[in-house]
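Visitor: I am new to this structure. Please take me through one part of it closely, then show me what else is there.

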Amino acid sequence: MPTPEERFRRLALEAQSDGRLPSISCAVFRAGETVWAEAFGHADVDGGVEATPETRYAVASITKTFTASAVMQLRDEGKLDLDDPLSKHLPEAAHGTPTLRRMLSHASGLQREPPGEVWESLEFPGEQELLERLAEAEQVLPPASAWHYSNLAYALLGHVVARITGGAFHDHIRERFHQPLGLEQTTWGPSEPAALPYFTEPYSDAVRREPVLELGGKGGESGLYSTTGDLARWGAFLCDPDASILAASSVAEMHDLNVMAEADWTRGWGLGLELWRRGERIFGGHTGGFPGFLSILAYSRRDRVGAIMLTNTSDWPKLGATGLELAEVALDELAPELAPWAPEDAPPPEIASMLGRWWSEGSETVFSWRRGKLEARLATWAPEREPSVFEPEGEDRYRVVSGRERGEALRVVRDESGEVVRLYWATYPFTRTPEVFGPSD
């Protein structure tokens, strides 16, 4: 039987060969640890320089995951609301009606790119020029009507962050994310050792150099170079965030589905994050494409396992499928380590009489005390399904902070002796025995 590393290596080698990729750098991580990283091919074809796991690649739109995280940070600090219109923070901007939330989820309806033929001139506007020419951009779809990818929206989000913080967007991302997370090999623009960008000829095995771009005003939508090791650390953060950087609830909110991108329901978008469904599994992350570079970061938040693929070519149709396949193989091979069960402290007295089986709408729900939290799950649910988790909100009142009915209140009714006799969750009555709807006799 092949080892996990042998399976990862074979998949990467097949991808590099079948895709005719000048080089590919791949990694697999679990719970914050890089468990495998390897690179194949040439970072510099003419110079004969081989790629290594330390080779830096343009990661293109994976940059958007940092932009979205910065917006969520500012929201948590009370400096913006996700439902603010763009005009609240960039009042001089034409097309000021889309909300920040819709821009984050690519549901603003703004055209894909900034005005002008930027992918022909390869000259990207700075903040002043972008805002001055924004009236030339089109609202190609009504806001919130459908998913429509927009680099323009993310460029504007970068300017929102800069305007609110009063500093350069690049510096803000570096200070608030790269430095505290130790992403020392992640830079704005190319830095050594950097892979060179290539175009692989369709009818021969020759390659041509793509231009190394001057970044200009790029920031919110693109511009970062990184390695598989740094992206593994970033992916691990998005699975299990450090609350001193960004609240776990905010990162969870980023992974909530906002809009479906594929008609077959296999790809959607949260707030700055791609979401993929592969069978019963849900992956988060992002892809990236830049002249001469393609990239993917994909992970399972529940299992805290993910994969990265970086390559220096302009065209590889199987990028998404192969990156997700590596993540799936990683999940198959890296089953979570089992920890021995250990007893915990008894629940508080006010909780103890709430626990056990309750009925509502003819269905049975089990309330439990686990890891210091009140939980509830339908009795018919599979064990691996996430429960509803409650936080106290006053005497005999709780609110769901994650899982089914998130945001809804739970009210506890007690008799004269203090025994819990009824629960009201999302206004539905829960009783110890099955009952029909309507007032009790």
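Visitor: Which residues does Glu375 touch, not counting residues up to four places away in sequence?

Guide: A word first: this is a predicted model. Now to Glu375. Two groups of residues meet it. On one side of the sequence, Glu375 touches Val366, Phe367, Ser368 and Arg370. On the other, Glu375 touches Pro387, Ser388, Val389 and Phe390. That list leaves out residues up to four places away in sequence.

Where does Glu375 sit? Its place is strand β17, which covers residues 373-378. Glu375 has a relative accessible area of 10%. Buried means under 20%, so Glu375 counts as buried. Its side chain also has a polar partner. Glu375 and Arg371 are joined, side chain to side chain, by a polar contact of 2.9 Å.

Val389 leads on to another strand residue. Val389 touches Glu375, and Val389 is also in contact with Val401. Val401 belongs to strand β19, residues 397-402. Besides Val389, Val401 is in contact with Glu391 and Arg406, leaving aside neighbours within four places in sequence. Is Val401 buried, partly exposed or exposed? Its relative accessibility is 41%. That lies between the 20% and 50% limits, so Val401 is partly exposed. Now take Val401 with Val35. They are 366 residues apart in sequence. From C-alpha to C-alpha, they are 32 Å apart in space.

Next, the nonpolar cores. The largest one has 70 residues. Within it, Phe29, Leu104, Leu156, Trp234 and Ile308 touch the most other members. Helix α6, residues 151-165, gives the most to this core: nine residues. Apart from this core lies another, of 27 residues. Its members include Phe283, Met309, Leu319 and Leu334.

Look again at Leu156. Beyond residues up to four places away in sequence, it touches Leu86, Leu90, Met103, Leu110, Leu130, Leu131 and Leu134.

Last, a pair of helices. Helix α1 spans residues 4-18, and helix α10 spans residues 319-333. Their axes come within 10 Å. They cross at roughly 170 degrees. Angles over 145 degrees count as roughly antiparallel, so α1 and α10 are roughly antiparallel to each other. Who meets whom? From α1 come Pro4, Arg7, Phe8, Leu11 and Ala15. From α10 come Thr322, Glu325, Leu326, Val329, Ala330 and Glu333. Among the residues of this contact, seven are nonpolar, one is polar and three are charged.

Definitions and conventions. Residues numbered from 1 in each chain as written. Predicted model: local features only at pLDDT ≥ 70, side-chain atom pairs only at ≥ 80, totals over all residues. Heavy atoms only, no water. Core = buried A, V, L, I, M, F, W, Y, C linked by side-chain atoms within 4.5 Å. Buried < 20%, exposed > 50% of the residue type's maximum accessible area, 1.4 Å probe, protein only. Helix = DSSP H or I, 4+ residues; strand = E, 2+ residues; numbered from the N terminus. Contact = heavy atoms within 4.5 Å. Polar contact = N/O pair within 3.5 Å; in protein donor to acceptor, adjacent residues only side chain to side chain. Axes fitted to C-alpha atoms, helices over the stretch in contact; angles between N-to-C directions. Parallel < 35°, antiparallel > 145°, perpendicular 65-115°, else oblique. Nonpolar A, V, L, I, M, F, W, Y, C, P; charged D, E, K, R; others polar.
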